[in-house]
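This report covers the strand arrangement and helix packing of one chain. The sequence and structure come before the discussion.

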Amino acid sequence: MTTNPPAVSDLEGLTVTRTVTIDAPVEKVWAAITEPEHISRWFGQRTVLDELALGARGVFSFDGYGDFPVLIEELEPLRVIAYRWSNDNTRALNGTDVDPEHSTVFRFTLEPVGAGTVLTVVERGFGTLTDPQAALESNRGGWTAELDELVAYVESIA
C-alpha cells in the first residue's frame with residue numbers, strides 16, 4: 001500500500017486537508033468515491049445515494065455514530081465531487097435532509113499522475129457546528145484513517 005502523510009487542520013480557516021497518492025487509475029478512484037457499493041468498503045459501513053447527480057441525496061452510516069445525511073453539491077465526473085453532510089453529532093439528524101446551517105462540505109479532487117491518481121480532500125464549514133474545534137480535530141483524524149482505507153481498498157482492486 002502506498003504510504004501518504006496524514007491530514008492537516010487549519011485552525012484559522014477551519015478546514016481539514018489531505019492529499020494522497022493512489023497506485024490506481026482515476027477511473028478506479030472515482031468509482032470508489034462515488035459508487036455506494038465501493039464507498040461502503042472504506043468509508044463507514046453503509047452508503048445510500050439516490051443517484052450520481054448534482055443535488056442527489058443520500059446517507060453515510062457509521063457503526064457507533066449513526067446516519068449522516070449527504071447532498072452532492074458539486075460534480076465534474078472523473079475530476080471533482082463535493083458532498084455536504086450533516087455531521088454535527090450534538091444535533092438531531094433528520095433522515096436524508098441535510099441541514100445547510102449546521103453542516104460541512106468535503107470536496108474530492110482527482111488528478112491523474114502517470115498510471116496513478118493524486119486525490120485531495122478539503123473539508124470546510126466547521127464554524128457552523130456546535131463545537132468547531134472538536135469536530136475539526138475529529139475529522140482530521142478521520143480523514144487520515146479513512147483515506148488510508150481508501151488507498152488500501154483501491155490498490156487491492158486495481
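A residue is called buried here when its relative accessible area is under 20%, with a 1.4 Å probe and protein chains only. The model is a predicted one.

By that cut-off, both faces of strand β6 are covered: Val-80, Ala-82 and Arg-84 are buried on one side, and Ile-81, Tyr-83 and Trp-85 are buried on the other. Six of the six residues of β6 (residues 80-85) are buried, so the strand is largely enclosed by the rest of the structure.

Strand β6 belongs to an open sheet of eight strands with antiparallel pairing, in the order β1-β2-β8-β7-β6-β5-β4-β3. The edges are held by β1 (8-10) and β3 (46-49); each has a single partner strand, so one side of each is left without a neighbour in the sheet. On average, and with direction ignored, neighbouring strands of this sheet are turned by 20° against each other.

Three of the strand pairs are listed below.

| Strand pair | Sense | Bridges | A facing pair |
|---|---|---|---|
| β5 (residues 66-76) and β6 | antiparallel | six | Leu-71 opposite Arg-84 |
| β6 and β7 (residues 104-113) | antiparallel | six | Trp-85 opposite Thr-104 |
| β2 (residues 15-22) and β8 (residues 116-124) | antiparallel | eight | Val-16 with Glu-123 |

Strands β5 and β6 form a hairpin with three residues between them, and in this hairpin Leu-78 takes a positive phi near 70°. Of the residues in the table, Arg-84 and Trp-85 lie on opposite sides of β6 and are both buried.

Two helices also contact the sheet. Helix α3 lies across β1, β2, β4 (57-62), β6, β7 and β8, and runs at about 15° to β2. Helix α1 packs on the sheet as well, where it touches β2, β3, β5, β6, β7 and β8. The direction of α1 makes about 165° with that of β7. Strand β6 is therefore among the strands touched by α1, and α3 lies across β6 too.

How do the two helices meet? Helix α1 (residues 26-34) and helix α3 (residues 132-157) pack at an angle of about 130°, with their axes 10 Å apart. The two are therefore oblique to each other, and α1 passes α3 in a right-handed crossing. On the α1 side the contact is made by Lys-28, Val-29, Ala-32 and Ile-33, and on the α3 side by Leu-150, Tyr-153, Val-154 and Ile-157. By class, this contact has seven nonpolar residues, no polar residues and one charged residue.

Conventions:
Residues numbered from 1 in each chain as written. Predicted model: local features only at pLDDT ≥ 70, side-chain atom pairs only at ≥ 80, totals over all residues. Heavy atoms only, no water. Axes fitted to C-alpha atoms, helices over the stretch in contact; angles between N-to-C directions. Helix = DSSP H or I, 4+ residues; strand = E, 2+ residues; numbered from the N terminus. Parallel < 35°, antiparallel > 145°, perpendicular 65-115°, else oblique. Left-handed = near helix turned anticlockwise from the far one by under 90°. Contact = heavy atoms within 4.5 Å. Nonpolar A, V, L, I, M, F, W, Y, C, P; charged D, E, K, R; others polar. Buried < 20%, exposed > 50% of the residue type's maximum accessible area, 1.4 Å probe, protein only. Pairing = 2+ DSSP bridges.
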